[in-house]
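Student: Could you walk me through one part of this fold up close? I'd like to know what it pairs with and what comes next along the chain.

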Amino acid sequence: MDKVCPGAAAAVADIPDGASLAVGGFGLSGIPAVLIRALYDQGASALRVVSNNCGVDGQGLGVLLGAGRIARVTGSYVGENKEFARQYLSGELEVELVPQGTLAERLRAGGAGIPAFYTPAGVGTQVADGGLPWRYAPDGTVALASPAKEIRTFQGRRHVLEHAITTDFALVRAWRGDRHGNLVFRRAAANFNPLAAAAGRVTVAEVEELVEPGELAPEEVHLPGIYVQRVVRLTAGQADAKGIEKRTVRA
C-alpha cells in the first residue's frame, strides 16, 4: 500500500516512446512541473498528451514540446505558446481541440468507466460536423481533419456523441497526499488534476506535503488512492517553485 517512489526519475522511468499521458494543470496552475522535467530528462518521445493546454514556452509541457517530444495534443486552449502554434501550422504536431467542458467530462467519463456520452456542446459546429484540422501538411493544406460525430435528439435538443478518454499514464500535482495515494488539491490548483488522475491507467502524483495514512480526514480527500499508483514527495524548494503565467503589477 505504500506507493511512495524514491524520486521523480524512478516514477516516470517506464514511460515509453509513444505513450499517452493525461496531465493536470490549467495554464501554470497545478502543473506537475517536477514530473514533466523528469520525463524530459528520461527521454521519452512521440508522446500523445491530453491536457487543458500545453504549458507556455519553456515551462510545463512547453518543455517537452520545445524539445520535439510531443506528437499529438488533445486540449482546449493553446493560445499562450508560440512554439505550439509553429509546430501545429507547420505540420509537426497533431492537435485535437475540444470544448473545455467536454474535455473535462471525457476525462471524468474515462475514470468512471463510462465509454461515451451525449452533450449539446459543439452541435452545429465543426466539433460535431467534422473538418477541424488535426494536422497540416508542410505546404499548409489540411493533411488530417476531424471526423463527423453521431448526433441524436433528446427532449427536442440535438446532442453530439463524445467518447471517453483514458491514457496509459497520468501526471498530476497535489497539495497534500498520503502513502496510500489519497490526494487533496488546493484551490484553483485542483482544476484538471482529479480528472486527469482518474483517466490514467498508471497515475503518478507529485505532492507538496506527504502525510501518513490516517492523517487526512475522509471528507478532505478529493481523489481516493485507488486512482493513484505512484506518489512522489517534493522537496520544499520544489513545492515552492510555482510559475506565474502573466505577472501583473501596479506601476
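Tutor: Let's start with a rule: two strands pair if DSSP finds at least two bridges between them. Strands (E, at least two residues) and helices (H or I, at least four) are DSSP runs, numbered from the N terminus. What you see is a predicted model, in which local features need pLDDT of at least 70 and side-chain atom pairs count only at pLDDT 80 or more, while totals for chains, interfaces and linings use all residues. Residues are numbered from 1 along each chain as its sequence is written, and side-chain values use heavy atoms, with hydrogens and water left out.

The part I'd zoom in on is strand β10, residues 167-178. How much of β10 is covered? Mostly covered is the verdict, as 10 of its 12 residues are buried (under 20% relative accessible area with a 1.4 Å probe, protein chains only; over 50% is exposed, and partly exposed is in between).

Now for the company that β10 keeps. Strand β1 (residues 20-23) pairs with β10 in the parallel sense, over three bridges. If you want a spot to click on, take Ala 22, whose bridge partner in β10 is Ala 170. Strand β12 (residues 200-211) is also a parallel partner of β10, and here the pairing runs over 10 bridges. Look for Gly 177 in that pairing: its bridge partner in β12 is Leu 210.

Stay on Gly 177, since there is another pairing to find. In β11, the bridge partner of Gly 177 is Leu 183. β10 and β11 pair in the antiparallel sense, over two bridges. These two strands make a hairpin with four residues between them, and in that hairpin Gly 181 takes a positive phi near 95°.

Keep walking past β11 and you enter a loop. It connects β11 (183-184) to α7 (193-199), and Arg 187 sits in it. Arg 187 has a positive phi of about 50°, although it is not a glycine. That's worth a pause, because most residues other than glycine have a negative phi. Is Arg 187 buried or exposed? It counts as exposed because its relative accessible area is 70%. Asn 191 lies in the loop between β11 and α7 as well, and its phi is also positive, near 25°, again in a residue other than glycine. Asn 191 has 22% relative accessibility, so it counts as partly exposed.

Going back along the sequence from β10, you'll meet a separate bit of pairing. Three strands form an open sheet in the order β5-β9-β8, with antiparallel pairing. Its edges are β5 (116-119) and β8 (151-154), each of which pairs on one side only. From one strand to the next, the twist averages 40°. Between β5 and β9 (residues 157-163) there are four bridges, in the antiparallel sense; as one example, Thr 119 has Val 160 as its bridge partner in β9.

Helix α5 (residues 100-112) lies across β5 and β9, running at about 155° to β5. For such angles, axes are lines fitted to C-alpha atoms, for helices over the stretch in contact, and values run from 0 to 180 degrees between N-to-C directions. Thr 102 lies in α5, and it counts as buried because its relative accessibility is 4%. What does Thr 102 touch, leaving aside its neighbours within four places in sequence? Its contacts (heavy atoms within 4.5 Å) are Phe 117, Thr 119, Ala 121 and Glu 162. Thr 119 is the residue that bridges to Val 160.

Another helix to look at is α2 (residues 33-42), where Val 34, Leu 35, Ile 36, Ala 38 and Leu 39 are buried. Gly 43 follows α2, with a positive phi near 100°.

Now zoom out. The protein chain comes to eight helices and 13 strands, and 48% of its 251 residues count as buried. Its C-alpha atoms fill a box of roughly 50 × 45 × 45 Å along the principal axes. Among contacts between residues at least 6 apart in sequence, 73% join residues at least 24 apart.
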